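User: I would like a close look at a single part of this structure. Please describe its surroundings and its side-chain pairings in one connected account.

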Amino acid sequence: MLESYWKQILEKHRYVDMPLHKVFKLAHIPTSTYYRNIQGKSEMTYDTAKKVYATLERLSKIWPTGLDDPKKINAPAPKLSKDH
């Protein structure tokens, strides 16, 4: 079963030491989109997820958590899947 875009974003975020709402800002996505998603009021589009995921990918290299075992959820995050 494929995970939702939101769950994929949360998985990737484990490797970045920056609040997720700030990641949305860096991705040029309104923070209202972030808040709607955390409240479960909206489904994230592929284009939005792709922008946030790409930002997280860049940040994971320059702003990593610094932990040996980042914010445990599962294994390392896979690439963003278009199907969910």
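The part in question is helix H1, residues 5–13. Which residues of helix H1 are buried, what covers them, and which side chains meet in salt bridges?

Analyst: The account below begins with burial and then turns to aromatic pairs and salt bridges. The model is a predicted one.

Helix H1 spans residues 5–13 and is mostly covered, with seven of its nine residues buried. The buried residues are Tyr5, Trp6, Gln8, Ile9, Glu11, Lys12 and His13. Their cover includes three helices: H2 (20–26), H3 (31–38) and H4 (46–62).

Two of the buried residues, Tyr5 and Trp6, also lead to the aromatic contacts. Five aromatic pairs are counted in the structure. In one of them, Tyr5 and Tyr46 are tilted, with 5.9 Å from centre to centre and 55° between the planes. This pair links distant parts of the chain, since Tyr5 belongs to helix H1 and Tyr46 to helix H4, 41 residues apart. Tyr5 has a relative accessible area of 4% and is buried, whereas Tyr46 is partly exposed at 23%. Trp6, for its part, joins Phe24, Tyr34 and Tyr35 in one aromatic cluster.

The charged side chains come next. The whole structure contains three salt bridges. One of them brings together the side chains of Arg14 and Glu11, at 3.2 Å from N to O. Both partners are buried: Arg14 has a relative accessible area of 2%, and Glu11 has a relative accessibility of 6%.

Another salt bridge is formed by the side chains of Lys12 and Glu57, at 2.8 Å from N to O. Because Lys12 lies in helix H1 and Glu57 in helix H4, this pair ties together parts that are 45 residues apart in sequence. Lys12 counts as buried, since its relative accessibility is 9% and the cut-off for burial is under 20%.

Glu57 also meets the side chain of Lys61 in a salt bridge, at 2.9 Å from N to O. Here both residues lie in helix H4, four residues apart, which is about one turn of the helix. Lys61 is exposed, with a relative accessible area of 59%. Through shared partners, the salt bridges join Lys12, Glu57 and Lys61 into one network.

Taken together, helix H1 is linked to helix H4 by the aromatic pair of Tyr5 and Tyr46 and by the salt bridge of Lys12 and Glu57. Helix H4 is also among the elements that cover the buried residues of H1.

Notes. Residues numbered from 1 in each chain as written. Predicted model: local features only at pLDDT ≥ 70, side-chain atom pairs only at ≥ 80, totals over all residues. Heavy atoms only, no water. Buried < 20%, exposed > 50% of the residue type's maximum accessible area, 1.4 Å probe, protein only. Contact = heavy atoms within 4.5 Å. Phe/Tyr/Trp six-rings, centres within 6.5 Å; stacked < 30°, edge-to-face > 60°. Salt bridge = Lys/Arg side-chain N within 4 Å of Asp/Glu carboxyl O.
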